[in-house]
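Here is a quick walk through one protein model, written for someone who likes to poke at coordinates. Have a look at it before reading on.

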Amino acid sequence: MSSNDSLSALPTLTEIPSARTALAWIKELPVLGRCARAIHAKLSERRWARDCQRHVRNPVRYPALPAIELITARYRTPGAEPARIAVVVHLFYPELLDQICGYLRNITEPFDLIVSTPHRELVVRIAQYCADQAESVTIAIAENRGRDIGPFVALYRSGIFSSYEMVLKVHGKKSSYSDDGARWRMALLDDLCGSPEVVSKTLSIFRRDSTVGIIGPAAFYLTNERFCGSSTSILQKLLMPAQILEGSINPGFFAGSMFWFRPKAIELLNQIPESQLCFRAEDGSSDGTLAHAIERIFCPLSTAHGYEISTIKR
């Protein structure tokens, strides 16, 4: 079944009159797998309210960062240990959800799923579609600024990743200025989570070597010295407040901004003043934006914090 077919079978938020009705609707859905058994066989009404709840927090608003509203539907089996792994997906193109979820099935360890998207009307659809995929599903409704980077920075600075050992960052990449978007997306996903063996090998590297901060696809690791483009001046301004010397720009970056990371490794991201994180409205630029500059600082931030960068191949 295609993502369009599977998602179109579910009602949109505009068809649900209230948040309370939405929660009741989610509760009655025929969710498959262990999540369904936990929900329908083991959870009382009170436990459901506690463990599978719709939290709408006050929007996390920053002067410059995209505003984020978090909606969490928890499906975790009662008594289960908290997940040590998280996956954060930025979903601008809903039709790619099925493909991305297919790759995430290669993660055999329990994980929490965080989906950022500007599409408020798809919240219920995404929650249901991903319900049997992860231990819990959190949907971050984000302003459409900064592509996948803006929402990711806002989420990171909110502390949502702090309890996890490792996090996989991916997104539904399509390049309006290039025909290579789909090819890049699949190549990146293949390298990061293309098989259970790839995922297991990656997690083993993190657990075997506590100095590894970021792991990404070898084929997409580029040097800032050669590929910084017109983002150099923005990059230097971002790194100065974090007390990172200009020479630290050289470690490079993973093109496409998809990688595994240890949340502690990029803690220096919190030292960049919010006033310098002003993501402008999307205009289709292929280079020179704040999002392109931040894509290039994750590895320098990690190395400046004492962590190593590692690469993987299929």
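What follows goes from the whole chain to a few helices and then to some single residues.

## The chain as a whole

First, a caveat: this is a predicted model. The protein chain has 13 helices and ten strands, and 54% of its 314 residues count as buried.

Sequence-distant contacts show up a lot here. Take the contacts between residues at least 6 apart in sequence: 80% of them join residues at least 24 apart.

## Helix H9 and its buried face

Helix H9 covers residues 196–208, and its length can be checked with a bit of arithmetic. With 13 residues at 1.5 Å a residue, H9 should span 18 Å, and the end C-alpha atoms are indeed 18 Å apart, so the two values agree.

Which residues of H9 are buried? They are Val198, Val199, Thr202, Leu203, Ile205 and Phe206. Looking down the axis of H9, these buried residues fall within an arc of 150°, so they line one face of the helix. The background is simple: an α-helix has 3.6 residues a turn, so residues three or four places apart point the same way. On the face of H9 turned away from the buried side you'll find the exposed residues Glu197 and Arg208.

As for what the buried residues of H9 pack against, the list mixes strands with a helix: strands E2 (85–90), E5 (166–171), E6 (212–217), E9 (259–261) and E10 (308–312), plus helix H8 (181–193).

## H5 against H8

Two packed helices are described by the angle between their axes and the distance between the axes. For helix H5 (residues 97–104) and H8, that angle is about 20° and the axes are 10 Å apart. Angles under 35 degrees count as roughly parallel, and H5 and H8 are therefore roughly parallel to each other. The crossing of H5 past H8 is right-handed.

Who does the touching? From H5 come Gln99, Ile100 and Tyr103, and from H8 come Arg185, Met186, Leu189, Asp190 and Cys193. The buried residues of H5 are Leu97, Ile100, Cys101, Tyr103 and Leu104. Seen down the axis of H5, they sit within an arc of 155°, so here too the buried residues line one face of the helix.

## Leu189, a buried spot in H8

Leu189 lies in helix H8, and at 0% relative accessibility it counts as buried. Leaving out residues up to four places away in sequence, Leu189 touches Gln99, Ile100, Tyr103, Val170, Gly194 and Met258. Three of those names, Gln99, Ile100 and Tyr103, are also the H5 residues that meet H8.

Leu189 can also be placed relative to Leu104: the two are 85 residues apart in sequence, with their C-alpha atoms 9.2 Å apart in space.

## H7 and the loop before it

How many of the ten residues of H7 are buried? Nine are, so H7 is largely enclosed by the rest of the structure. The buried set is Ile149, Gly150, Pro151, Phe152, Val153, Ala154, Leu155, Tyr156 and Arg157. After H7 comes Gly159, with a positive phi near 90°.

The loop between strand E4 (136–142) and helix H7 (149–158) holds Asp148, which is buried with a relative accessible area of 10%. Not counting residues up to four places away in sequence, Asp148 touches His90, Lys169, His171 and Ser257. Arg147 is found in the loop between E4 and H7 as well, but Arg147 is partly exposed, with a relative accessible area of 24%.

## Positive phi values, and His305

Most residues other than glycine have a negative phi, and most peptide bonds are trans. Arg147 has a phi near 50°, a positive value in a residue other than glycine. Ser257 likewise has a positive phi, near 50°, without being a glycine. Ser257 lies in the loop between strand E8 (253–254) and E9 and is buried, with a relative accessible area of 3%.

His305 sits in the loop between helix H13 (298–304) and E10. Is His305 buried or partly exposed? At a relative accessible area of 32%, His305 is partly exposed. Setting aside neighbours within four places in sequence, His305 is in contact with Lys264, Ala265, Glu267 and Leu268. His305 and Lys264 are 41 residues apart along the chain, and their C-alpha atoms are separated by 8.8 Å.

Technical notes:
Residues numbered from 1 in each chain as written. Predicted model: local features only at pLDDT ≥ 70, side-chain atom pairs only at ≥ 80, totals over all residues. Heavy atoms only, no water. Helix = DSSP H or I, 4+ residues; strand = E, 2+ residues; numbered from the N terminus. Expected span 1.5 Å × (residues − 1). Buried < 20%, exposed > 50% of the residue type's maximum accessible area, 1.4 Å probe, protein only. Arc of directions from axis to C-beta. Contact = heavy atoms within 4.5 Å. Axes fitted to C-alpha atoms, helices over the stretch in contact; angles between N-to-C directions. Parallel < 35°, antiparallel > 145°, perpendicular 65-115°, else oblique. Left-handed = near helix turned anticlockwise from the far one by under 90°.
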